[in-house]
Structure formats: structure tokens, C-alpha cells
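These are my notebook entries on a single structure. I looked up the strand pairings and then followed several residues.

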Amino acid sequence: MKYRTIGTGPYSRRVSVLALGAMLFGSTTDERTAFALLDRYAEAGGNFVDTSDNYAFWTDGGQGGQSEELLGRWRRSRGVGEEMVFATKLGARPLAPGTDYVDNPEGLSAKVIRESAERSRERLGLERLDLLYAHIDDHTVPQRETVEGFAALVAEGTVGLLGVSNQAVWRVERARAIAAAAGLPGYEVLQYQHSYLRPRSDVPERLFPDGSLGHAGAELAGYLRAEPALTLVAYSPLLKGAYTRPERLPHDYDHPGTPARLAALHEVARETGATPNQVTLAWQLGHELPILPLAGVSSLEQLEENLAAVDLELSPQQRARLDAAH
Ligand SMILES: NC(=O)c1ccc[n+]([C@@H]2O[C@H](COP(=O)([O-])OP(=O)(O)OC[C@H]3O[C@@H](n4cnc5c(N)ncnc54)[C@H](OP(=O)(O)O)[C@@H]3O)[C@@H](O)[C@H]2O)c1
């Protein structure tokens, strides 16, 4: 395994370069399988696990929490300590069963931040959440309130690092500026959808309710270049299995750049003897930007394939060909 530092200051952490997505653990992925996946990931040196207070509400029409609860049981049963870094999120939990984050999200008020973080700590069995993200934006609450709400938890020691997901870049920058001006901790880990294939950005049904796009595009890349202390955690790096099952590719990838990039990906896969999934992960891992892929898995075979990508080195020529295809 290889490692990378996320965050600055006293709560910065060394995390494995491959993060494990626990979104479906405890719901679609049963407990026995999820425990086996977590055991193997930890054995391989993985220490960066991702969840949310709302995972996976859509699987049973509830409000989520199954993933955090499962991780709490795994931690206790294995005696897991501080070596494992758990990231969770709040803000997109539906306020009532049968609703979702589009029409009825908990949002990012100071009260929600305090109470939801407390519930997440209980479910995970943690005194301190290593990394807590704002899952989606909330334009109904003044940003200052959200910034101060998160900072209060860091000051109390119940949260280590702060992160943000799916927000427009200008909103992230504004929140960080408010925090910096007040001498408060701000978002340091940015979680967005990112993979080798790129979506069209003009498909309205892919936008979050506030009109922002969860995808890390050119604007976010420019922001990361300007702010070297930030890390991009890339969610759905394998496009939910679409590299091996093309029928899963969302229709906003239906544009002329996709076949060109797929051809380059398959060519490099053939040359290296690796799979397209592994080339995708290796391309992210060796990127000039600090990208940390966050993949979900439902079997040990998938996990082994993804772990092996950490040791796959692409040559500068292969990387240049992958970058140039569009
Ligand atoms: N911040 C956000 O808004 C947000 C949104 C989505 C996800 N996330 C986070 O990102 C994590 C990963 O995202 P994701 O599950 O949406 O996407 P992903 O990691 O791109 O895809 C995971 C799925 O891809 C398939 N897969 C994984 N490895 C494979 C392999 N080696 N070969 C073939 N298929 C493979 C599996 O599908 P099957 O199980 O069907 O075989 C697996 O469930 C989540 O667990 C969550 O923590 C965050």
C-alpha cells in the first residue's frame, strides 16, 4: 500500500491512497461479505473508509445509517483503533422515511451539524470523526452558520478534518474564505465524482438540486492547482462498474470523447496486462493533482483487482496518450 497525507494541522492524517467506499455495506452488501471486504482491505494496508449518515436510505425507503452501524460493529468486533480513518458526511439525510435529499434534506444548519455528527459518532462508536464532510450544499442557511457549526465540533475535539462534497467551486471557496478570515478550520478534503471518462456537463438531470454538479471538472482542477493543501477524493472512480459493464454508463457519457478515451484505456490495459479498471485507478493515483480514488466493491475479487492497481506504474508515454485522448 502507499500513503498520502490529507489535511493540515493537528488532525492531518496519513491515509492509504485507495479509499474504500462502504455506501452499500449493511444494505445491498450483507454483513458477512462487508466484514470480509473490510478485513482484507485492512490487511492490505488500507485505512481510509468512506460512509455517510444517509447510506443507504434509497435501498429500503428509510433514512440511512445502516452503513455507519455496520462499520461500528466491525470496529468493535475487530478491536479497530486509531489506525483506521473513518470519513462520514451529513446534510443529505432525508428528514423522513420515504423522502430523499432532493425534496427533504436535513441541510447544513448549526443544529443539524451538531446533532447529526453526534448520531454518526454513536453509530460508528467513535469519540472523534476523523473526517466529516458537508455532503451537499444548503443555500437556505447562511454559509457563516455552516462554517461556524463545523468549526465548533473541531474545537470540541469531536471532529478532526473537514471536507465538502458536490458543491459549486465558488461556494467552497467562499466557505473557506469565511473560515480563514475568522481563524477557523475550513474544508480541506474535496469529494467529487471523478474518473477517466468525462461526462457532458450540460445534462440537467445530473445536477444537484442547487444546480451544482457533483463532477470534478476543469474548474475544480484549477482550484486544486491553486490550493496545494487540498485533496480530491474521487468518488465512483469506476463509474459503478461501467468499465466492465458498458450498459451501466450513464447517458451523459454518450459523446464523441468517450469512444476515444475508451480506446486509449484499452490500449494501455493491453500493453500493461492490467484491466481497464486498474488503468483508471493508476491514472488517478499518478495524476499531477492530488487525487485519491474512492471505490466501492461487492466482492473480494473486485477488491483484489483494485488493490493491485496501487502498484501499477504507467509510463510517461502511456499517461500522455491517456491524457491526450478526447
Ligand atoms: N459524495 C457523494 O455524493 C458520493 C456519491 C456516490 C458515492 N460516494 C462514495 O464513493 C464510493 C464509491 O462509489 P460508487 O459505489 O458509486 O462507485 P464505484 O466505486 O465507481 O463503483 C463501485 C461498483 O463498481 C463495481 N466494481 C468495483 N470494482 C470492480 C472491479 N474491480 N471489477 C468490476 N466491477 C467493479 C461494483 O459493482 P457491483 O457491486 O454491481 O458488481 C461496485 O459495487 C461509495 O461507496 C461512497 O462511499 C460518494
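**Entry 1: the pairing of S4 and S5.** I began with Val-49 and found that its bridge partner in S5 is Phe-86. The model I am reading is a predicted one. I then looked up the strands as a whole: S4 and S5 are paired in the parallel sense, over three bridges. Between them comes a helix, and I recorded that S4, H2 and S5 form a right-handed β-α-β unit.

**Entry 2: the other neighbour of S5.** I next checked S5 against strand S6, residues 129–134. These two strands also pair in the parallel sense, over four bridges. For Leu-90 I noted Ala-134 as the bridge partner in S6. The connection runs by way of helix H3 (residues 110–124), and S5, H3 and S6 make a right-handed β-α-β unit.

**Entry 3: the burial of S5.** Is strand S5 enclosed or open to the outside? I found six of the six residues of S5 (residues 85–90) to be buried, so the strand is largely enclosed by the rest of the structure. I then sorted the residues by face. In a regular strand, side chains alternate between the two faces of the sheet. On one side of S5 I listed Val-85, Ala-87 and Lys-89, and on the other Phe-86, Thr-88 and Leu-90; all are buried, and both faces are thus covered.

**Entry 4: the barrel.** I traced the strand order and obtained a closed barrel of eight strands, S3-S4-S5-S6-S7-S8-S9-S10, with parallel pairing. From one strand to the next, the twist averages 30°.

**Entry 5: S9, S10 and the packed helices.** I looked up strand S9 (residues 231–235) with strand S10 (residues 291–296) and found parallel pairing over four bridges. Tyr-235 stands opposite Leu-294 in S10. Helix H8 (residues 276–285) packs on the sheet and touches S9 and S10, its direction making about 150° with that of S10. I also recorded helix H4 (residues 143–156), which lies across S5, S6 and strand S7 (159–165) and runs at about 155° to S7.

**Entry 6: Thr-51.** I located Thr-51 in the loop between strand S4 (48–50) and helix H2 (66–78). What does the side chain of Thr-51 make a polar contact with? I found the partner to be the side chain of Ser-67, at 2.7 Å. Leaving out residues up to four places away in sequence, Thr-51 touches Ser-67, Glu-68, Leu-71, Ala-87, Thr-88, Lys-89 and Leu-124. Its relative accessible area is 0%, which is under the 20% cut-off, and Thr-51 therefore counts as buried.

**Entry 7: Asp-30.** I placed Asp-30 in the loop between strand S3 (19–21) and helix H1 (31–43). With a relative accessible area of 42%, Asp-30 is partly exposed. A polar atom of the Asp-30 side chain lies 3.1 Å from the backbone nitrogen of Arg-32. I also checked Asp-30 against Ser-298: the two are 268 residues apart in sequence, yet 9.2 Å apart in space, C-alpha to C-alpha.

**Entry 8: Arg-174.** I closed with Arg-174, which is in helix H5 (residues 169–181). Arg-174 counts as partly exposed, at 43% relative accessibility. Its C-alpha atom is separated by 8.1 Å from that of Gln-143, and the two residues are 31 residues apart along the chain.

How values were computed
Residues numbered from 1 in each chain as written. Predicted model: local features only at pLDDT ≥ 70, side-chain atom pairs only at ≥ 80, totals over all residues. Heavy atoms only, no water. Buried < 20%, exposed > 50% of the residue type's maximum accessible area, 1.4 Å probe, protein only. Polar contact = N/O pair within 3.5 Å; in protein donor to acceptor, adjacent residues only side chain to side chain. Contact = heavy atoms within 4.5 Å. Pairing = 2+ DSSP bridges. Right-handed = clockwise from strand over helix to strand, strands pointing away. Axes fitted to C-alpha atoms, helices over the stretch in contact; angles between N-to-C directions.
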